[in-house]
Amino acid sequence: MSTFILLSIFILDSTYTLIIRFFKGDKSFEAHKLHGYQKATQNLGSHTKVVLYITLLNTFLILPISFLILQHYISWHSGLILSFVPIIIINYCLRAGFEK
């Protein structure tokens, strides 16, 4: 489960965007630039900055949560919530899945 949490940024970005596009009636498999990381790149103007922020998020939030799960300090349920909620909020703020 902790491996899944380590990949949560990528999994949630894709899943969140696909769900939004599905409910909007967009074709799921058409090319688009609506993922959270693509929106972040547009907002920040640099892939390097986005990769840096993702690395920081993984290092200081996701990795410690995975460690706490592995050491049985928290349950995997709690770990999922602690790691998923901030990523979902980030995608929401970036308006992932939407044109503007």
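**Ser83 and Gly79**

I began with the side chain of Ser83. One of its polar atoms lies 2.9 Å from the backbone oxygen of Gly79. This is a predicted model, so I read the distance as a computed one. I placed Ser83 in helix α5. Is Ser83 buried or exposed? I noted 0% relative accessibility, so Ser83 counts as buried.

**Overall layout**

I then stepped back to the protein chain. I counted five helices and zero strands. From the N terminus on, I read the order as α-α-α-α-α. I took the box of the C-alpha atoms along the principal axes and got roughly 40 × 30 × 20 Å. I also looked up the buried share: 33% of the 100 residues.

**Aromatic pairs**

How many aromatic pairs does the model hold? I found two. I took Phe4 and Phe84 to begin with: their ring centres are 5.9 Å apart and their planes stand at 55°, so I logged the pair as tilted. An edge-to-face label needs planes over 60 degrees apart. I looked up where the two rings sit. Phe4 belongs to helix α1 (residues 2–6) and Phe84 to helix α5 (residues 76–94), so the pair ties together parts that are 80 residues apart in sequence. I checked the cover on each partner. Phe4 has 35% relative accessibility and therefore counts as partly exposed. Phe84 has 17%, and I entered Phe84 as buried. The cut-off for buried is under 20%.

I went on to Phe22 and Phe23. Their ring centres lie 5.4 Å apart with the planes at 75°, so I logged this pair as edge-to-face. I looked up the accessibility of both partners. Phe22 is exposed, at a relative accessible area of 55%. Phe23 is exposed as well, at 68%.

**Arg95**

I turned to the segment after α5, where Arg95 is found. Over which ring does Arg95 lie? I found Arg95 over the face of Phe98, at 4.5 Å from the ring centre. I also checked the backbone of Arg95. Its phi is positive, about 60°, although Arg95 is not a glycine. I noted 40% relative accessibility for Arg95, so this residue counts as partly exposed.

**His72**

I looked up another positive phi at His72. The value is about 65°, and His72 is not a glycine either. I located His72 in the loop between α4 and α5. Is His72 buried or exposed? At 70% relative accessibility, I entered His72 as exposed.

**Nonpolar patch**

I finished on the surface. Which residues make the nonpolar patch of about 520 Å²? I listed Leu44, Leu52, Tyr53, Leu56 and Phe60. I then asked which helix gives the largest share of the patch. I found helix α4 (residues 47–70), with four residues. I looked up Leu44 separately and placed Leu44 in helix α3 (residues 36–44). Its relative accessible area is 35%, so I noted Leu44 as partly exposed. I checked that value against the patch rule, which asks for over 30%.

Note on methods
Residues are numbered from 1 along each chain as its sequence is written. Side-chain values use heavy atoms; hydrogens and water are left out. Patches are made of residues with over 30% relative accessible area and no salt bridge: like charges are joined within 9 Å, nonpolar side chains (Val, Leu, Ile, Met, Phe, Trp, Tyr) within 5 Å. Accessible areas come from the Shrake-Rupley method with a 1.4 Å probe; for residues, only the protein chains shown count as cover. A salt bridge is a side-chain nitrogen of Lys or Arg within 4 Å of a carboxyl oxygen of Asp or Glu. Helices (H or I, at least four residues) and strands (E, at least two) are DSSP runs, numbered from the N terminus. Buried means under 20% relative accessible area, exposed over 50%, partly exposed in between (1.4 Å probe, protein chains only). Rings of Phe, Tyr and Trp (its six-membered ring) pair if their centres lie within 6.5 Å; planes under 30 degrees apart count as stacked, over 60 as edge-to-face and the rest as tilted. A charge sits over a ring if NZ of Lys or CZ of Arg is within 6 Å of the ring centre and within 35 degrees of the ring normal. A polar contact is a pair of N or O atoms within 3.5 Å; within protein, one must be able to donate a hydrogen and the other to accept it, and residues adjacent in sequence count only if both atoms are side-chain atoms.
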